[in-house]
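Biologist: I'm new to this structure and would love a close look at one part of it. Could you take me through the sheet in the second chain, step by step?

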Amino acid sequence: MNDINNNFFNNETCSMIENIKKKFPEDRKKSSIIESLLILQKNNNGYLTKDIITSLAKYLKVEEIDVYEVATFYSMFNTKPVGINTISVCTNVSCMLRNADNILNHIENKLGIKVGETTKDQKFFLKDEIECLAACNGAPMMQVNHKNYENLTIEKVDKILEEFE
Amino acid sequence: MTLICTETYSKQEPASLETYLTLEGYQAWQKILNNKISKSEIINQIKESGLRGKGGAGFLTGLKWSFIPISDEQKYLVCNSDESEPGTCKDRDILRYNPHAIIEGMLIASYAIGASVAYNYLRGEFLDEQWKVFNKALEEAYQKGYVGNNILSTGLTINIFPVLGAGAYIVGEETAMLEAIEGKRGMPRIKPPFPAIKGLFAKPTIINNTETLATVPKIILKGAEWYKSLGINNGEGVKIFCMSGSVQKPNNFEVPLGTPFSNLLEMSGGVSNNSKLKAVIPGGSSVPVVKGELMLDTNMDYDSILKANSMLGSGGVIVMDETICMVKVLQRISRFYYGESCGQCTPCREGTGWLYKILTNIIDGNGTINDLHELERIAGLIEGHCICALGDAAALPVKSFLNNFWDEFEYYIDNKKSMVVG
Ligand SMILES: Cc1cc2nc3c(=O)[nH]c(=O)nc-3n(C[C@H](O)[C@H](O)[C@H](O)COP(=O)(O)O)c2cc1C
Ligand code: SF4
Ligand code: FES
């Protein structure tokens, strides 16, 4: 496998991907794509490159298009560079009823960016979150790097974001 | 009140094996293995208990299991922990506070349908907490020999594997979930064939919701009649309701099916903002909205909610007080379905976009009365014309919001602002 970019596939990553493969029938190679991409994305500052996609296709012995389709379908994958910390504010119905829009506006103003953008210092990426994050009775809520913060107030948000400064 | 899925929640270390064992954990599984209870007997017990799927469609669980062909081929069980129906947040708590009940339920279901492999598909956003807790619990269950090869020296093999998604509401639809586990884009399949005949990796497969499976062990341990009798009024069994929105104390409550809505509202501390009840979406954002007065006279069971022209759905109860603008709520709901449509069916892909655009136009003060008729027409074009139920889920709210709150939409159009303060 010498043509696979070793920066992406160090020993630890390889053994993690091998463990994913064990969950599925041997001839079902595509099944490992999603979880492998999650690992590779995490190791690459939160986004996927063409190189990563090509390398994973080779590693798993699947077509490049198979990996590409997955990378562009699921919303947790980024195919462009993003900030170090990802913020997702839920503004779906239950959260909206408890003023989630104010929380999102506050974060946009504070960071000086709109949803879908990254701050100039690369610290924060404010994801354009369309989904409900299944914490509706903790509304308003957000995830920072997929950790939940619930029952938010403006003051709470300020404190939480300071932790990442 | 008898608690099943939520029984561990108030304990110290709710997710631990020790806690689960003190609450008769894995006793149903051991009873099956020790007494060599047959597959058909288990399926019959689940049938008789009246257990209905708690993921949204409310299909009879025992009946679904009985569709699995009797044959020697490989079969699969899939637990649906994709939980992403807006207003629904019950499975995430079972995953982090009572994971062993899910594991035991998965084992029993796998045994009943003859599956030697089971997958639990967790939405990707659960990776920091629920994923870790569930994996740890599974490790403990493997160590104790409840799961794996040669389970408790009986020669039986059932392996359970957690799989992690990466963000997509549509994967909660059962055939889209099978596509996702196969490593593809999560696009629903055309049925038939039904998964029970041709499912994961083209093999017979049963898909059940997390809460459904976590309820199974206690039914096997205590009997079908016991479970049935937990319901009150016209209800049978129990259900978790997620109370969110305009209530003082949003929370999850596992209560008898048939519990009056007014009791649930009281348990959640009543309506917030010193306001009155205006409307309720009783089963996740995909089901029709019900006016407050009607809801106060409705019990939380499948038939009663159907009589109120809505559905029990996932049990996500979204409460709205009188300060809430119905136009804005519907626009937000439409944004969701527009964003989450997988795009396979033209009526859904295009229609959800039109619904959202027309509603946004109204919010921006550029609406006309004709837009309201147009919304109804488009909803009618989507409904029943798509591969999966997401299309209907986008259409039903539109129709019910307009039916119940036409005046409010009209007022918004005429005055270019909301009828209520909020
Ligand atoms: C668009 C859409 C999203 C769905 N999302 C979920 C979900 O997040 N969780 C779930 O259990 N069922 C969901 N369902 C229902 C599943 O298709 C399926 O009916 C359910 O998992 C079966 O389990 P049950 O019979 O135990 O309820 C969804 C259905 C549709 C059409
Ligand atoms: S109804 Fe919508 S979400 Fe469902 S398959 Fe068709 S396009 Fe996809
Ligand atoms: S609506 Fe925000 S978490 Fe569900």
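Modeller: Happy to! Let's start with a pair of strands: β1 (residues 76–81) and β2 (residues 117–122) of chain B run parallel and are joined by six bridges. Two strands count as paired if DSSP finds at least two bridges between them, and strands (E, at least two residues) and helices (H or I, at least four) are DSSP runs, numbered from the N terminus. One of these bridges links B:Ser81 to its partner B:Leu122 in β2(B).

Before going on, please note that this is a predicted model, where local features need pLDDT of at least 70, side-chain atom pairs count only at pLDDT 80 or more, and totals for chains, interfaces and linings use all residues. Residues are numbered from 1 along each chain as its sequence is written, chains are lettered from A and ligands numbered from 1 in the order in which they are written, and side-chain values use heavy atoms, leaving out hydrogens and water.

Now the wider sheet: four strands of chain B form an open sheet, in the order β3-β2-β1-β4, with parallel pairing. At its edges are β3 (159–164) and β4 (205–209) of chain B, each pairing on one side only. Neighbouring strands are turned by 20 degrees against each other on average, direction ignored; axes are lines fitted to C-alpha atoms, for helices over the stretch in contact, and angles run from 0 to 180 degrees between N-to-C directions.

Finally, helix α9 (residues 210–222) of chain B lies across β1 and β4 of chain B, running at about 90 degrees to β4(B). Contact here means heavy atoms within 4.5 Å.
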